[in-house]
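User: Could you take a close look at chain B for me, and at how it meets its neighbours?

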Amino acid sequence: MKNLDSVFAAYVIGWAVFFVFYITVARRTATLRTEIDRLKNSLPAGSKK
Amino acid sequence: MTKRLLLGVVALVLVIASAYASFYIAPEERTMGVIQRIFYFHVASAWAGFSAFLICFVANLLYVWRRDQKYDWLGVSAAEVGLAFTTIVLITGPIWAHPVWGIWWTWDARLTSTFILWLLYVSYLLLRTLVEEPDRRALLSSLFGIFAFLDVPLVFGAIRWWRTQHPSPVIMGGANSGLEPTMKAVFFFSAFAMHVLMVFLVLERYNVEKMSDEVDVLRRELETA
Amino acid sequence: MGLLSNSATLLGKELRTEFRSRELLTTTIVFILMVVVLFSFTFDPTTAESRRFGPGLLWLAFLFAASLMLQPCFLREQSNDTLSSLRLAVSDPFAIFLAKVGANTLFLMVTELLMLPIFSVLYNVPVLPELPWLILVLFLGSLGISVAGTALSAISAQARMRELLLPLLLLPLLTPVLVASTEVTVGLMDREPIVQWKGIGFLAVFDIVFLTALWLFGEYLLEE
């Protein structure tokens, strides 16, 4: 079937965009998570919420 | 955390299922052949992107009214996700057009309007990078977001009325212009899958804003402790 | 009515400020002239094509000029910190916007009307026969440009890179005005001129939508 590769290309590129978006967000989430834990641990015990 | 993960898995399953349906369940279109199957992905993305911008608009209104940071977080998340979906529309459009009409860009009314839509929200995000103070940034971008969204129907209207004079190829004859029932079902399923994916991505992005804020709060606490 | 009289007073102030130096008007006119002349180098402006393309280029020139002309709109207030005194002087902040929109529309129209005979000569397009209708479309288009431009100028004045930001925000937003105004103008400058009521109605709708939005949200644009 001609044009099948175009259809595949469209789907692959589309999913790639979503994938890149999600990976970027997930990495930022992980970095922030470690930063939050680090900050929480360095708070003196008395002022921890 | 696990609720979001569950939503992500559901979104993934739905998207894969809709892709399967697009290829194996939907019948082949008579005139364009297999290339037409892009339609399920292309138009579903457009709808989901637009819904994201609608969420952004509502978040903008709520921010101006309530001044709660959370609405600003929702606004920027929805705008970014909407932009991702709209980018896909602009990429899959030419991929569809080229084998069918031999040209990459067809100045199809809807695609052109989508391009302007894309530019508007790129400007929205650009504006945000140029205002440093968080409350001011939230207010200014919300106000621009409101103006931009109000502009959208005017953009689509103007281009549709006056820029479809020249015989230009129409990429989609409109989702409801005589679509065969199976095709309709597959399309609405794809649209649903895309919307679930959109909501998942917005929530994930929102969470980044929320955690970012938590880091700032903790840092300030650390300074005063 | 308090709003109208306040707006009128402030409009007077805007006009007086500009007519004292006239720098905004003169630089805008020269800019539009340069753009129109430069455009004419990109195609043959005496053929029939000029009737089809000329109006579009003219409106594009107006748009570019406006995005530059609107920069000082709120920056001027910022540098002299006159905005807070303005806000104290009026009960309804919309008066400030009405005045500025009025002034900007007026300035735009002055430059456009001065450009019209020059455009007519350079591009060999008659403008006298349909002049009233042309003035109408110039007014509706300029009003749309001013309303959106004034609002966005208030936004960009509070951001960095404001000289680039204003055109960036304004130009995509004004696409409908560009399209509709061009179409109406093309109709008016045709060999057999017609009045495109759809376009005129559309421009009126655009103006009303954004004036209403400015009325609803204007006070937030001016927040300190």
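Analyst: Happy to! Among the elements of chain B, helix H2 (residues 38–66) has the highest mean pLDDT, 96, and helix H1 (residues 2–25) the lowest, 91. Here pLDDT is the predictor's confidence in each residue, from 0 to 100, and helices (H or I, at least four residues) and strands (E, at least two) are DSSP runs numbered from the N terminus. This is a predicted model, in which local features need pLDDT of at least 70 and side-chain atom pairs count only at pLDDT 80 or more, while totals for chains, interfaces and linings use all residues. Residues are numbered from 1 along each chain as its sequence is written, and chains are lettered from A and ligands numbered from 1 in the order in which they are written. Chain B as a whole has a mean pLDDT of 90, with 93% of its residues at 70 or more.

Now the side towards chain A. This contact (C-beta atoms, placed from the backbone, within 7 Å) takes 31 residues from chain B and 27 residues from chain A. On chain B, the elements giving two or more residues are H2, helix H3 (69–101) and helix H6 (181–224). H6(B) gives the most, 14 residues. By class, this side of chain B has 19 nonpolar, six polar and six charged residues; Ala, Val, Leu, Ile, Met, Phe, Trp, Tyr, Cys and Pro count as nonpolar, Asp, Glu, Lys and Arg as charged, and the others, Gly among them, as polar.

Towards chain C, the contact takes 26 residues from chain B and 25 residues from chain C. Helix H4 (109–129) and helix H5 (134–162) of chain B are the elements that give two or more residues to this side of chain B, and H5(B) supplies the largest share, 16 residues. The residues here divide into 22 nonpolar, one polar and three charged.

Technical notes: Two residues are in contact if their C-beta atoms, placed from the backbone, lie within 7 Å.
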